[in-house]
Amino acid sequence: KKENTKKEINYELYNDFDISSKDPVQVLNSHTSWVYCLTMLDDGRLVSGSADKQIIVYNKETFEPDLTIKEHNSNVYSVIKLRSGILASCSDDKTIRLYNIKGNNYEKLQTLNYHKDSIYQIIELKNESLVSCSRDKSIIFYLNEDFKYQKDYSQSTSGSCISITQTKENEICYLERNGNENSIYFFDLEEKKVKESISSINNTGCFGPFNMITKDLLIIGGENKITIVNVNQYKVVKVIEEPNSGYIRGFCMLNQNMLLVGDNNGIIRQYKIEGENLSLVSQKEWTHTNGVCALLNMGDGHVASGSFDNSIKIW
């Protein structure tokens with residue numbers, strides 16, 4: 001098992017970041033379909049997952065592919081680096097796969113196939129267990145036993161589980177879509193049950209991904225809207241209208257007070273966090289020729305964006 005060598009982000013490098021003044025320093029065109037997700041390895045290399053079924057690890061200097069992983073049989077929706085250094089991915093092919101990346105090679109460690117439909121997201125909890133959410137109307141929890149992940153238990157949902165995040169030490173939050181109804185649920189990890197919920201939030205357009213922007217505030221993407229939820233009060237505290245933005249999907253914290261948001265029209269907006277509100281301070285249009293799916297703080301003063309136009313850009 002690898003030692004925990006998590007790369008620390010130098011947030012001070014982003015204090016003067018202004019997306020409106022940025023031009024891409026690199027354009028990566030190694031994928032042949034939508035780029036759904038981005039992450040970083042401990043050695044500072046960028047990793048992407050795509051609808052072309054591939055995961056690509058990029059050279060830090062040239063941004064040419066160092067390694068291409070072709071293990072999934074369908075869209076790769078989420079790829080994350082675990083605290084152990086292991087890379088984990090989930091897919092439309094109903095599986096989670098884990099890899100040990102060794103330079104320009106990899107070792108396939110494990111395939112988890114407990115879900116019966118598309119897996120939209122995986123997260124690692126603070127205790128290093130895994131959680132996955134799926135179209136099959138379930139959330140599954142996994143424990144790491146003897147360096148292998150095993151299913152611990154599952155939580156049934158009444159609709160497709162679209163997105164998931166850890167909100168507190170002993171709590172996760174997940175978004176559930178049931179027809180035209182969208183609800184979020186707060187799940188107690190100790191009692192293993194739903195403790196609070198916010199239902200019928202389809203009027204806010206909330207069915208995009210989650211992101212915690214402070215220890216108290218959760219942000220949710222949606223159609224022409226950004227919704228902010230106070231996770232202590234379990235209520236929506238602000239809905240920010242962004243007309244003509246389409247679906248808002250990508251989020252990236254630059255530092256404790258600044259947030260980047262991407263949308264379906266290729267616009268990246270930069271907001272300042274002011275209490276329970278967001279104040280627009282900058283934006284850049286036509287960052288991509290299609291929607292922005294993912295944004296990533298690279299930790300070195302740069303930001304990566306992945307798009308439905310199949311490209312990744314470094315800003």
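Which residue in strand 28 does valine 27 stand opposite? Here are some notes to help you find your way around; keep in mind that this is a predicted model.

1. Let's take that opening question straight away. Valine 27 faces lysine 313, which sits in strand 28. The two strands involved are strand 1 and strand 28, and they run antiparallel, joined by 3 bridges.

2. Now step back to the sheet around that pair. It is an open sheet of 4 strands, in the order 1-28-27-26, and the pairing is antiparallel. Strand 1 (26-28) and strand 26 are at the edges; each has a single partner strand, so each has one side with no neighbour in the sheet. On average, neighbouring strands here are turned by 15° against each other, ignoring direction.

3. Next, have a look at the largest nonpolar core. There are 26 residues in it, and Leu46, Leu260 and Ile312 are the ones that touch the most other members. Several strands give two or more residues to this core, among them strand 2 (35-40), strand 4 (55-58), strand 22 (248-255) and strand 23 (258-263). Strand 26 (292-297), strand 27 (303-307) and strand 28 (312-314) are also on that list. Strand 26 supplies the largest share, with 4 residues.

4. Another open sheet is worth finding on screen. Its 4 strands come in the order 6-7-8-9, with antiparallel pairing. At its edges you'll see strand 6 (76-81) and strand 9 (105-112), each paired on one side only. From one strand to the next, the twist averages 25°.

5. Inside that sheet, zoom in on strands 7 and 8. They pair in the antiparallel sense over 4 bridges. If you want a residue pair to check by eye, try serine 89, which stands opposite arginine 97 in strand 8.

6. Stay there for a backbone detail. The loop between strand 7 (87-91) and strand 8 (96-102) holds lysine 94. Lysine 94 isn't a glycine, yet its phi is positive, at about 80°. Is lysine 94 buried, partly exposed or exposed? Its relative accessibility is 38%, so lysine 94 counts as partly exposed.

7. One more residue deserves a similar look. Aspartate 146 lies in the loop between strand 12 (138-145) and strand 13 (148-156). Aspartate 146 has a phi near 55°, again a positive value in a residue other than glycine. As for accessibility, aspartate 146 counts as exposed because its relative value is 74%, and the cut-off for exposed is over 50%.

Technical notes. Residues are numbered from 1 along each chain as its sequence is written. This is a predicted model: local features need pLDDT of at least 70, side-chain atom pairs count only at pLDDT 80 or more; totals for chains, interfaces and linings use all residues. Side-chain values use heavy atoms; hydrogens and water are left out. Buried means under 20% relative accessible area, exposed over 50%, partly exposed in between (1.4 Å probe, protein chains only). Two strands pair if DSSP finds at least two bridges between them. Axes are lines fitted to C-alpha atoms, for helices over the stretch in contact, and angles run from 0 to 180 degrees between N-to-C directions. A nonpolar core is a set of buried Ala, Val, Leu, Ile, Met, Phe, Trp, Tyr and Cys residues joined through side-chain atoms within 4.5 Å.
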